[in-house]
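The following exercises are to be worked with the sequence and the model side by side. Each task is followed by a solution in steps.

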Amino acid sequence: NPDQFHVLPFGRGREPLSNIERADIIVLNRANLAPKNYVARWEDLFHRYDAQYLNCNTVLRFPVHIKKVLMVSAIGRPQSFQALAEAQGVTVVEHMIFRDHYAYQASDAAKMLAKMREHDVDTILTTEKDDVKLKNFPNLSSALQVATLQMDFAGADGKFYDKLKSALHI
């Protein structure tokens, strides 16, 4: 939110918004997950500074046959992971959330299998980060499906890539 923008250590900004004029292009990431009024306030700010910008959607890529899952994650923003999957038509029967960087145990794998039986699902949808750790449990291997997080510039009409090529002189 530009109205509440603060630089480090009080916020997430690396430099003041007044330096926006120095940017060749601005990417507003996760635009599809933000409230429309939030995106509109950023766009107004970019217009005030006459800055070029693109909205970038964050999407998940996973096999299209996946419809109903037990979700498992140990990431910084698990709610975003679930929201993305649900926005793409996946029914999340339960989301087992573990703390970020969690080291899964055999008892966790057993609980996941029990939850799958309880909810009558045959798929565990997880992140790339979690898949690496969950592969240590062979009893989960047939159920695991990985969702890949990607940035989608589909609505940008190639402007981002043209601008990037120009900046890199290629």
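In strand E7, Gln 150 is the bridge partner of Val 59. The model is a predicted one, in which local features need pLDDT of at least 70 and side-chain atom pairs count only at pLDDT 80 or more, while totals for chains, interfaces and linings use all residues. Residues are numbered from 1 along each chain as its sequence is written, and side-chain values use heavy atoms, with hydrogens and water left out.

**Exercise 1. The sheet**

Starting from that bridge, determine the order of the strands in the open sheet.

*Solution.*
Step 1. Helices (H or I, at least four residues) and strands (E, at least two) are DSSP runs, numbered from the N terminus. Two strands pair if DSSP finds at least two bridges between them.
Step 2. E3 and E7 (residues 144–152) run antiparallel and are joined by five bridges.
Step 3. The open sheet has five strands in the order E3-E7-E6-E4-E5, and its pairing is mixed.
Step 4. E3 (57–61) and E5 (91–97) are the edge strands, since each pairs on one side only.
Step 5. From one strand to the next, the twist averages 30°. Axes are lines fitted to C-alpha atoms, for helices over the stretch in contact, and angles run from 0 to 180 degrees between N-to-C directions.

**Exercise 2. Helix H2 and the sheet**

Identify the buried residues of H2 and the strands against which they pack.

*Solution.*
Step 1. Buried means under 20% relative accessible area, exposed over 50%, and partly exposed in between (1.4 Å probe, protein chains only).
Step 2. Pro 78, Ser 80, Phe 81, Leu 84 and Ala 85 of H2 are buried. They cover an arc of only 160° around the axis, which puts them on the same side of H2; the arc is that of the directions from the helix axis to the C-beta atoms.
Step 3. Gln 79 and Ala 87 are exposed on the other side of H2.
Step 4. The buried residues of H2 pack against E3, E4, E5, E6 and E7, where contact means heavy atoms within 4.5 Å.
Step 5. H2 (residues 78–87) runs at about 165° to E5. Just after H2, Gly 89 has a positive phi of about 90°.

**Exercise 3. Helix H1**

Why do the buried residues of H1 line one face of the helix?

*Solution.*
Step 1. H1 (residues 36–48) has 13 residues.
Step 2. Its buried residues are Val 39, Trp 42, Leu 45 and Phe 46. Viewed down the axis of H1, these buried residues fall within an arc of 120°, so they line one face.
Step 3. The general background is that an α-helix has 3.6 residues a turn, so residues three or four places apart point the same way.
Step 4. Lys 36, His 47 and Arg 48 are exposed on the face of H1 turned away from its buried side. The cover over the buried residues of H1 includes E1 (26–28) and E2 (53–55).
Step 5. Asp 50, just after H1, takes a positive phi of about 55°.

**Exercise 4. Aromatic pairs**

Classify the ring pair of Phe 98 and Tyr 104.

*Solution.*
Step 1. Rings of Phe, Tyr and Trp (its six-membered ring) pair if their centres lie within 6.5 Å; planes under 30 degrees apart count as stacked, over 60 as edge-to-face and the rest as tilted.
Step 2. The whole structure has four aromatic pairs. Phe 98 and Tyr 104 form an edge-to-face pair, at 5.1 Å centre to centre with 75° between the planes.
Step 3. The centres of Tyr 102 and Tyr 104 are 5.4 Å apart and their planes lie at 80°, so this pair is edge-to-face.
Step 4. Ring pairs link Phe 98, Tyr 102 and Tyr 104 into a cluster. Phe 98 and Tyr 104 are buried, and Tyr 102 is buried.

Key:
The expected span of a helix is 1.5 Å times one less than its number of residues.
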